[in-house]
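Student: I would like to go through this structure one question at a time. Please show it first.

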Amino acid sequence: MKAVTGAVLLLLLAMGPVRAALSRREAPDEGAPEPAEDFFSRHLQSFSDFMTKDLPQRLQVEEMRSQAEAYLDRANKQLTPLAQELRSNVLGLFSSLLDLGKSKEQP
């Protein structure tokens, strides 16, 4: 966020001398905007759109991603012991079934 603020400040500082140089020149037709002003206004508008529309959406995505990671970590911590217990119970069941099968085969 500091980088974005720094970039905006640098852009605004750079616009001052450009506007001063443009005002020293002959003024173009009153109806047509000056090329440099048009360029900066378009870029400032796109930057403004990014700051007001795109950036909040991206921040929401990051927030949702961090919430999902936290949920998965909690689920993993809670389910790991259950999965280990289930594994040992299933292995015990199969070994009991194998022992039962071996005892029935022997007369």
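Student: How many salt bridges does the structure hold?
Tutor: This is a predicted model, in which local features need pLDDT of at least 70 and side-chain atom pairs count only at pLDDT 80 or more, while totals for chains, interfaces and linings use all residues. Residues are numbered from 1 along each chain as its sequence is written, and side-chain values use heavy atoms, with hydrogens and water left out. A salt bridge is a side-chain nitrogen of Lys or Arg within 4 Å of a carboxyl oxygen of Asp or Glu. By that rule the number of salt bridges is two.

Student: How many helices and strands are there in the protein?
Tutor: Both are DSSP runs numbered from the N terminus: helices are H or I with at least four residues, and strands are E with at least two. In the protein there are two helices and zero strands.

Student: Which residue meets Arg42 in a salt bridge?
Tutor: Side chains of opposite charge can pair when their charged atoms come close. The partner of Arg42 lies four residues away in helix α2, so about one helical turn separates the two. The N to O distance is 3.6 Å, and the partner is Asp38.

Student: Are Arg42 and Asp38 buried or exposed, or in between?
Tutor: Buried means under 20% relative accessible area, exposed means over 50%, and partly exposed is in between (1.4 Å probe, protein chains only). Arg42 has 49% and Asp38 has 31%. Arg42 therefore counts as partly exposed, and Asp38 is also partly exposed.

Student: Which residue meets Arg65 in a salt bridge?
Tutor: An α-helix has 3.6 residues a turn, so residues three or four places apart point the same way. Arg65 and its partner are three residues apart in helix α2. Arg65 is partly exposed at 43%, and its partner is partly exposed at 44%. Their side chains meet at 3.0 Å, N to O, and the partner is Glu62.

Student: What kind of aromatic pair do Phe39 and Phe40 form?
Tutor: Rings of Phe, Tyr and Trp (its six-membered ring) pair if their centres lie within 6.5 Å; planes under 30 degrees apart count as stacked, over 60 as edge-to-face and the rest as tilted. The count comes to one aromatic pair. Its centres are 5.4 Å apart with 70° between the planes, and the pair is edge-to-face.

Student: Is Phe40 buried or exposed?
Tutor: Its neighbour in the pair, Phe39, has a relative accessible area of 40% and is partly exposed. Phe40 has 17% relative accessibility, so Phe40 counts as buried.

Student: Where does α2 bend?
Tutor: The bend at a residue is the angle between axes fitted to the seven residues ending there and the seven starting there. Helix α2 covers residues 35-105. The angle is about 40°, and the place is Phe50.

Student: What accessible area does the nonpolar patch with Leu97 have?
Tutor: Patches are made of residues with over 30% relative accessible area and no salt bridge; like charges are joined within 9 Å, and nonpolar side chains (Val, Leu, Ile, Met, Phe, Trp, Tyr) within 5 Å. Leu97 is partly exposed at 48%. Areas come from the Shrake-Rupley method with a 1.4 Å probe; for residues, only the protein chains shown count as cover. Together Leu86, Val90, Leu93, Phe94, Leu97 and Leu100 have about 570 Å².
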